Amino acid sequence: MKKLILFISASMLLTACNSQLRSPLEIEMYNAAGDSLGTAKLTEQSDGVQIKLKLEGLTPGFHAIHVHEFPKCEGPDFKSAGNHFNPDSKKHGLMHPEGSHLGDLPNIEVGGDGTVDAEMMINKATLKDGKNSLLSGEGTSLIIHAGQDDGVSQPAGNAGERIACGKIQLEEADKDDEPQNPAETGEEKKEAGT
Ligand SMILES: [Cu+2]
Ligand SMILES: [Zn+2]
């Protein structure tokens, strides 16, 4: 009986750990120079994914923010992040009749001190498996723009340059595509030319 209880609590613990890997997921946001601006905390909820944004060092005013399709934040232009996350092939814009991209979000307002502390929902998104998962494939990214999203212009709301980027992906440790043969780790890997 004792063994059974031990087994049950061990598997419950395992389940808890598993879901913790995906939610909440805290990601770091970087500017074009590679400096950290703060964090975004993503949490799975029944109707979507909640984002809690705590950033500093931005220019005051309204800025567009979207989920983009690739977890690649290569500055200074962050073009590597690709287009908006759009698993249903819709048009861009929260105000577009044929919209919107799943990754479209309302503009954020940065205060006079350059900080923003905002909370928003990506409706119908998830951190679990499936086509609407922000972690599908390699993952996605969260991008902030210099200007604001007008809510209708194609393809991306005429929001201007990409000024901040954060990768929405699981920890490196969770990836299983790396070869784990200890015999291969003895030799230092040569860096690819950057
Ligand atoms: Cu964007
Ligand atoms: Zn969009």
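This passage goes through the sheet of a predicted model, then one of its strands, and ends at a histidine in a loop.

Starting with the overall make-up, the protein has 1 helix and 9 strands. Along the sequence, these elements follow the pattern α-β-β-β-β-β-β-β-β-β, with the helix at the front of that string. The protein counts 194 residues, and 30% of them come out as buried. As for contacts with a separation of 6 or more, 56% are between residues 24 or more positions apart.

The sheet itself is an open one, built from 7 strands in the order S5-S8-S9-S1-S2-S3-S7, with antiparallel pairing. S5 and S7 (residues 116–123) sit at the edges, each pairing on one side only. On average, neighbouring strands of this sheet are turned by 25 degrees against each other, direction ignored. As a general reminder, the strands of a sheet are held in register by pairing through backbone hydrogen bonds, in either a parallel or an antiparallel way.

Strand S8 (residues 140–145) is a handy place to zoom in. In the strand order, S8 comes between S5 and S9. On the S5 side, the two strands pair in the antiparallel sense over 4 bridges. Val67 stands opposite Leu142 of S8, and His68 has Ser141 as its bridge partner in the same strand, S8. On the other side, S8 pairs with S9 (residues 162–168), again in the antiparallel sense, over 6 bridges. Here Ile144 stands opposite Ala164 of S9.

S8 is also well packed in by the neighbour count: 6 of its 6 residues are buried. In a regular strand, side chains alternate between the two faces of the sheet. For S8, both faces are covered, with Thr140, Leu142 and Ile144 buried on one side and Ser141, Ile143 and His145 buried on the other.

Finally, there is His92, which lies in the loop between S5 (residues 65–68) and S6 (residues 108–110). Despite its loop position, His92 counts as buried because it has 26 C-beta neighbours inside 10 Å, where 20 or more is the cut-off. Leaving out residues up to four places away in sequence, His92 touches His84, Gly99, Ser100, His101 and Asp104, and also Gln154, Pro155, Ala156 and Gly157. Gly103 is 11 residues from His92 in sequence, and the C-alpha to C-alpha distance between the two is 9.2 Å.

Key: Residues numbered from 1 in each chain as written. Chains lettered and ligands numbered in written order. Predicted model: local features only at pLDDT ≥ 70, side-chain atom pairs only at ≥ 80, totals over all residues. Buried ≥ 20, exposed ≤ 12 C-beta atoms within 10 Å, placed from the backbone. Contact = placed C-beta atoms within 7 Å. Pairing = 2+ DSSP bridges. Axes fitted to C-alpha atoms, helices over the stretch in contact; angles between N-to-C directions.
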